[in-house]
Amino acid sequence: MRTPVAARPGPVPEATALPRVLGGLSPEGVPVGLEAHLARWGRLPVLSASPDLIDKLSASGLGGHGGAWFPVATKWSSIRHGRFSRPVVVANGAEGEPASGKDALLLTRLPHLVIDGLSLAAAALEASQAVMYVPAHQVRDVELAVDARRHLGLDPVPIQVIAAPDRFIAGQESSVVNILNGRREAVPSFIGVEPIRARGVNNRPTLVQNVETLAHVALIARFGPAWYRALGTEQSPGTMLVTVTGRWATPLVMEAPLGTPLRDVLDLSPAAAENYLGALLGGYGGGWITMSTLMGIPLTEAAARQAQSSLGAGVIALLPRTVCPLAEMARVVRYMNEQAAGQCGPCIHGLAGLAEMTQALAFRPTALPGGTRSILDVCDLVDGRGACRHPDGVTRFVRSALTVFQGEVAAHLGGQPCGLTNARAVLPCPRPDTTQRVGTGRW
Amino acid sequence: MVKRRLTMVVDPIMCDGHGVCAELFPERVTMDPWGFPIVDNEDIPTQLEDHAQRAVTSCPRLALHLVERRQSSAHRERDPAR
C-alpha cells in the first residue's frame, strides 16, 4: 500500500491577494526549487481517484487557459467516464505562439506548480502515464524538477518529459498526440468524429491540458473553489496570465483577475491610449480591436468574443503609431504561412495567397488591383476547411486587421502609404528553424 | 423511429483534389479555384443518398465520408491550432 505523504497543510494565502500563481516567484529570478515550493504552498492534498477534485474544478468554473477556454471539469469528466482503458495525461507547454511567454515562465521558474497539477489530473483520472510536453530547451530543467519530486514520492504516476518541436502548431492537441505517438513532425490530424479525449496517445483516452491551467488546478486543489472565486467575476472567475507586448520596453508576463478592465491591466490613460493604433488580442490566431474598444472592455473571453476577437492564450499586443500596421500584418501572415503544416489544400493555397496579397497591400499596393475585396474572398475560401484551426486563425487576424486599420488600408491603396513600412517590427516572427526538427523516439 | 441524418465530410489531409466528388455529386460538391472540393454542411436528403454514397466510394484517396449527424448540434470543440 502506498503511504500518503503526511498532509501538512501550508498557510492559506489571502484569497484576494495578487499575484496568485506568480506570487510564488522568487525575487531573485531563479527557479523555485521543491523546498521553497512546498514551504510556500504546502503539500498537495492526498492524491486520489475520488470525484472530489472534479467537483471542486466544476465549482471553481476554471476554463482552459491554452486558448480554448473549455470548462476543465467537463473535459476531465468526459475522460473519466468515457472508457474503461486508463488514460494518458499531458501537460502542454509547447507555447508555439511567439508573442506568448507565460508558459515558458511557468516551466522555467515555477515548474512544481505545473507538475502538481499534472499529478492531480493523473490521480483524478486514474491515468497510467503522465507527460510533460515542453520545448526542447526546457526539457533538462523540467527533468531536474521531476527527479527532485521522485525522491519524495510526490508523483504516484511516473512522469516523462518529452520535447515539443519549436513550431507554431506544436501545441495543437492532435499535434501533441502525434509527437507522443512517435511521429517526427508536430502536425495536426484530421480528427473527424472521435475526439482526442476518447482516442489519443496509443489510442488511449488522452487529456491534453495547458500548463497554466494545471497551475490553477494545483491551487484549487489546495484552497478550494470559494478561494479561487474570490477574484474574477461570477461568469469568469479567477485570474489569468497575460503576455503584454508593445506597452513597455520589453514584453511582460502579468497575472490579472478576469474581468479587470483592459485599460487597467495595461495601465492606459485615455491620453496614453492615443499613442497606439490598435491592439491584438489572443495572438496570431486572434483578432485586432480598436483602442476605443480596448478601453471599454474587461479581460474576459466573452467580451473578447463580442469584439470579434479572443483572449486565446492571453496575448495582448499594442501597436504604437510609429509602425505600419499593414507591414506588421504582412510579416505575421507570411510567418503563419511558413508555420502551417502544409497538409490541407485550401490552407496551403489560401495562406500562400494571403501572404502574397498582404505583402502587396503593405509594400506595393499597385500590385493588388482587387483591393481588400480580393483578400476577403480568399479568407472566405479558407475558413473552416483545414484539419485544424490554423487557417481560421489567420483569417480572423487578417479580417480584423483590415477593419481596425481601414484608414491605413485606404491610404496605401490610394497611393499614400504611411512611410513606416520599414520601422522595426513589434510583433515577433522568428525565422523558421529548419535544422532543428526535434525527433523523439517512441516511448 | 428517428430518421438518421447524414452529412458529408472531407478529410482535408487525405484530399488531393482529384475532383471525382464534384463530378459525381454536383448537387452538394463544388470546386474552389485551387481544385479542392467545397462540401456544404447540410443534411443529405434520402433521394440524394445514392449519389453521395457513389462519390464516397469513388474517391481515389478515400477522403470523403458520410457521417451520421449527432442529435446534439454540430458543435465540435477543438483547441485552436497553436
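**Figure 1. Chain B is built from two helices and four strands.** In this predicted model, the elements of chain B follow one another in the pattern β-α-β-β-α-β. Of the 82 residues in chain B, 26% are buried. Take the contacts in chain B between residues at least 6 apart in sequence: 63% of them join residues at least 24 apart.

**Figure 2. Confidence varies along chain B.** The mean pLDDT of chain B is 85, and 80% of its residues score at least 70. Helix 1 (residues 20-24) of chain B has the highest mean among the elements of the chain, 97. Strand 4 (residues 64-68) of chain B has the lowest, 91. Over residues 72-82 of chain B, pLDDT stays under 50. The model still places 33 contacts beyond four places in sequence for that stretch. Where pLDDT is low, the predicted coordinates should not be read in detail.

**Figure 3. Chain B touches chain A.** On the chain B side, 16 residues take part; on the chain A side, 32. The chain B residues comprise nine nonpolar, one polar and six charged. For the model, ipTM is 0.86 and pTM is 0.92.

**Figure 4. The largest nonpolar core holds 133 residues.** Val114(A), Leu118(A) and Ala279(A) have the most contacts inside this core. Helix 8 (residues 211-229) of chain A supplies its largest share, ten residues. Another core, of 13 residues, lies apart from it. That core includes Val10(B), Cys15(B), Phe25(B) and Ala55(B). Now return to Ala279(A). Beyond its neighbours within four places in sequence, Ala279(A) contacts Trp288(A), Ile289(A), Met291(A) and Leu294(A), and also Ile316(A), Ala317(A) and Leu318(A).

**Figure 5. Strand 5 (residues 239-245) of chain A is largely enclosed by the rest of the structure.** Seven of its seven residues are buried. Thr239(A), Leu241(A), Thr243(A) and Thr245(A) point one way from the strand. Met240(A), Val242(A) and Val244(A) point the other way. In a regular strand the side chains alternate between the two faces of the sheet.

**Figure 6. Strand 5 of chain A pairs with strand 6 and with strand 9.** Strand 6 (residues 252-257) of chain A is antiparallel to strand 5, with six bridges. One bridge pair is Val244(A) and Leu252(A). These two strands form a hairpin with six residues between them. In the turn, Gly246(A) has a positive phi of about 90 degrees. Strand 9 (residues 315-320) of chain A runs parallel to strand 5, joined by three bridges. Here Thr243(A) stands opposite Val315(A).

**Figure 7. Helix 2 (residues 52-60) of chain A has five named buried positions: Leu53(A), Ile54(A), Lys56(A), Leu57(A) and Ser60(A).** Seen down the helix axis, these buried residues fall within an arc of 160 degrees, so they line one face of helix 2. An α-helix has 3.6 residues a turn, so residues three or four places apart point the same way. Gly61(A) follows helix 2, with a positive phi near 75 degrees.

**Figure 8. Arg197(A) sits in a loop of chain A.** The loop runs between helix 7 (173-180) and strand 4 (206-210) of chain A. Arg197(A) has 19 other C-beta atoms within 10 Å and is partly exposed. Trp76(A) is 121 residues away from Arg197(A) in sequence. Their C-alpha atoms are 8.9 Å apart.

Conventions:
Residues numbered from 1 in each chain as written. Chains lettered and ligands numbered in written order. Core = buried A, V, L, I, M, F, W, Y, C linked by C-beta atoms within 7 Å. Buried ≥ 20, exposed ≤ 12 C-beta atoms within 10 Å, placed from the backbone. Contact = placed C-beta atoms within 7 Å. Nonpolar A, V, L, I, M, F, W, Y, C, P; charged D, E, K, R; others polar. Arc of directions from axis to C-beta. pLDDT = per-residue confidence, 0-100. Pairing = 2+ DSSP bridges.
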